Each structure stands twice: as structure tokens, then as C-alpha cells.
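I opened this entry to keep a record of what I looked up, element by element, before going back to the bench. My notes follow the order in which I went through the model.

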Amino acid sequence: MVLGIESSCDETGAGIVSGGRLLAHVVASSMDEHARFGGVVPEIAARAHLQAFDPVVREALDRAGLRLRDIDAVAVTTGPGLSGALQVGLAGAKTLAYAAGVPLYGVHHLAGHVAADTLEHGPLPNPCMVLIVSGGHTSLLLVRDLVRDPILHLGDTVDDAAGECFDKVARVFGLPYPGGPAIDRTARGGDPCAVAFPRPLTGPRDAPYAFSFSGLKTAAARWAERHRQAGEEIPLADGAASLQEAVADVLTRKALAACRAHDVRTLVVVGGVAANSRVRALAEERCAAAGVELRVPPPTLCTDNGAMIAAVGDLLVRAGSEPARLDLSIDPSAPLEYAALHPSAAGRSRGVTAAAPAGRGPGPQCSQRENSRS
């Protein structure tokens, strides 16, 4: 029984996973508190995590019909994310692990998004292509064994991520925060071909798997400004639909090209933008035409949640991974190299492999657990 804690941004999440099975999944969001600022305010997020942490964990345990003494390990996001928010989650997770006498595992937030798909579709194929699309990240990854092998980055965003583009354009359009769902709702009545927005980094000389959405954001802002200057009402539905189409086109075009180039037959799309209806629909259409299996988690597992962190912790436990030490810290800007992320206060290694180094025993939490059960 692995309890997962997520607090990297504005969602406080707790999830419980056992043997790849999701037993409970609870999320408290502070999004409404940030909406009037048009984006996440780190100090508000950290305070919201402090208030939500205990109720969310208690509810997750209640839904699973468990008590803390039934938990066998605790996994927690240690990066990347907002520093104060991560600190709250880590402090709470350390307290729970110490109280229960169980091992603690640090988890990379993006690896959690990848693992979220296993809760819906089972183990990841080896290899598989993973497209992560969220507010702060857009990446194409070649994944083999998620918790044993290094994760190969084929391409990442060079400026604005896809979700960031949606948020910023939504603000220009006068739509509410968060921008992604607002753009998706507004686009339902629009024509996706109405505005010829650019497809960034898709030329023959461009980086084949890198992403850039800053230029698209600027093009959408200028389009809206031209209408305002002419005293015209902005055709928001057409603008939203055309923007969404451009983002979905770039994402799926590059993902399928990577699948072909690396002879991979499974594409996994994860992250908050994976909940976007057009991204999902176009991915389904193009994967079917290319003979590539598409795996996308349900929308509730696409956004930040504790279940995805518990899923990584569950995989780490079953792989025999060494747990974290008591000096486990956070790394707010950690690159995705391995699923486990065990930075220390002294600044030692960021990523760790699943197998414990030879001649090294279990971490201190393992002995604490034995003492607490005896």
C-alpha cells in the first residue's frame, strides 16, 4: 500500500496505489484563489497546501478503508515545482513516513504524469513514446522501464509550453483562468480553420522534436488586437478553435514523427493539456491512421494528483528501489532523468536508479518500520 503526495503547484493531492491498482484519489485545488491574479501565486499556493494537507490525506485513507498503519511506503513529489509548495508536501510526507515507520520515496513530478497512465491501462510497453503536455512542460520522451532506465529526452519546449500558451492567450481573449479549459469550452462553437495561425518549429530545417509556442501566442494576441483596434467584436469561438487546432497539430505531428523514427508502436499522452478535447481527438485520428496504439489517461488523472505519485512509488517498491534518506530535500528545477528524485539538503545526486548500490543496506526508514511493528 503506497501513499502518494503531490503539492508541486496549486493542487494538494493524495492517492493510494497497491500492485498497480488505484484504491483512492483525492485532490484539493486552490485554483479559485489564484484566478483573480490570472495565474498561480506561490505564497497563496503554499498556504493552501498547509490547510488542505491533513484533510486530503485523511479522506484518501477513508476512501480506501485504510488507516495510516496499513500504509507500506510513502511517495512524494520532490521536484520540479514551486519551492514553498514542494516544501509543504515533503514535510507532510516525511511526518507520515516517520509516524508509520515506513520508507519514503522522492518522485519526479513529470514521471508521475507518465505513471498515471498505468492506473488506467496497465504497465507501460517497453519501449513507448511519451508526450507530456502541461502548463509548464512540453516534452517528447522515449521511455523503456520507467523506474529502472534513464529517460531519453527527444525534444522539449524552448519557450512557452502548450498549457502556458493557452493560459496567456486566454487572458488576451478575456477568458477566465485557467486558460486551457476556457479555450476548450469556447472552441466548441468555432471553426478551427477560420484563422491561419502558425505551426511553430515544423519546417524542414527546424529541430524535429523541439516545441515552441511563444510565436503562436504572439500571433493570437496580435489577431485579437487587430479586431479591437478596428472596433470589431473578437470572434472568440473561431480564435479559440483555430488556436487549439494549431497546438494539437504541432503536438501530434511531432509525436507521430518520433514514433516512426524510433519504430515505437505506442504513444502515451499525459499532462494537463492531455485533457484537451481536440488534442485527444486529433491524436486518436492520427494514431489510428499510423497504426500506433494511443494511450491517454482519463481527464481526472491528467491534471496534478497524488495517485500518479503513488503509482511511481508503487513501481519503485516493486522494483526493489532504495528509499530516500532522512535528509531528502526538494529540487524545484529538477530535470527529468529518472523517475525517482532524491535530492539531499547537501546537494547530492538528483536522480537515482531502482537498484540499490552493492554493499549498501536499506535506508533508515526501513529499520524504523521494523521497530514500529515489533
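**The sheet.** I looked first at the strand order, and I found 5 strands in an open sheet that reads β8-β7-β6-β9-β10, with mixed pairing. The edges are held by β8 and β10 (293-295), each with a single partner strand, so one side of each is left without a neighbour in the sheet. Direction ignored, neighbouring strands of this sheet are turned by 20 degrees against each other on average. I then noted that α9 packs on the sheet, where it touches β6, β7, β8 and β9 (266-270), and that the direction of α9 makes about 160 degrees with that of β6. I keep in mind throughout that this is a predicted model.

**Strand β7 and its partners.** Next I followed strand β7 (residues 138-143) to both of its neighbours. Strand β6 (residues 128-133) is joined to β7 by 6 bridges, and the two run antiparallel; they form a hairpin with 4 residues between them. On the other side, 4 bridges join β7 to strand β8 (residues 152-156), again in an antiparallel arrangement. Leu141 of β7 is a useful residue for reading the register, since I could list Val130 as a bridge partner of Leu141 and His153 in β8 as another.

Is β7 buried or exposed? I found that 6 of the 6 residues of β7 are buried, so the strand is largely enclosed by the rest of the structure. In a regular strand the side chains alternate between the two faces of the sheet, and I therefore checked each face separately. Thr138, Leu140 and Leu142 are buried on one side, and Ser139, Leu141 and Val143 are buried on the other, which leaves both faces of β7 covered.

**Helices α6 and α9.** I turned to the pair formed by helix α6 (residues 162-173) and helix α9 (residues 236-261), whose axes come within 11 Å and cross at roughly 165 degrees. With the cut-off for roughly antiparallel set at over 145 degrees, α6 and α9 are therefore roughly antiparallel to each other. Their crossing is right-handed. From α6 I listed Ala162, Cys165, Phe166, Val169 and Phe173, which meet Leu236, Gly239, Ala240, Leu243, Gln244 and Val247 in α9. Sorted by type, the residues of this contact come to 9 nonpolar, 2 polar and no charged.

**Backbone points to check.** Most residues other than glycine have a negative phi, and most peptide bonds are trans, so I wrote down the exceptions that I came across. Asn126 and Pro127 are joined by a cis peptide bond with omega of about 5 degrees, and Pro127 sits in the loop between α5 (118-121) and β6. The peptide bond from Tyr177 to Pro178 is also cis, with omega near 0 degrees, and Pro178 belongs to the loop between α6 and α7 (179-187).

For positive phi, I noted Leu201, a residue other than glycine with phi near 55 degrees, in the loop between α7 and α8 (214-229). Leu201 has 24% relative accessibility and so counts as partly exposed. Asp263, in the loop between α9 and β9, has a positive phi of about 55 degrees although it is not a glycine, and with a relative accessible area of 60% I recorded Asp263 as exposed.

Definitions and conventions. Residues are numbered from 1 along each chain as its sequence is written. This is a predicted model: local features need pLDDT of at least 70, side-chain atom pairs count only at pLDDT 80 or more; totals for chains, interfaces and linings use all residues. Side-chain values use heavy atoms; hydrogens and water are left out. Axes are lines fitted to C-alpha atoms, for helices over the stretch in contact, and angles run from 0 to 180 degrees between N-to-C directions. Angles under 35 degrees count as roughly parallel, over 145 as roughly antiparallel, 65 to 115 as roughly perpendicular and the rest as oblique. A crossing is left-handed if the near helix is turned anticlockwise from the far one by less than a right angle, and right-handed if clockwise. Contact means heavy atoms within 4.5 Å. Ala, Val, Leu, Ile, Met, Phe, Trp, Tyr, Cys and Pro count as nonpolar, Asp, Glu, Lys and Arg as charged, and the others, Gly among them, as polar. Buried means under 20% relative accessible area, exposed over 50%, partly exposed in between (1.4 Å probe, protein chains only). Two strands pair if DSSP finds at least two bridges between them.
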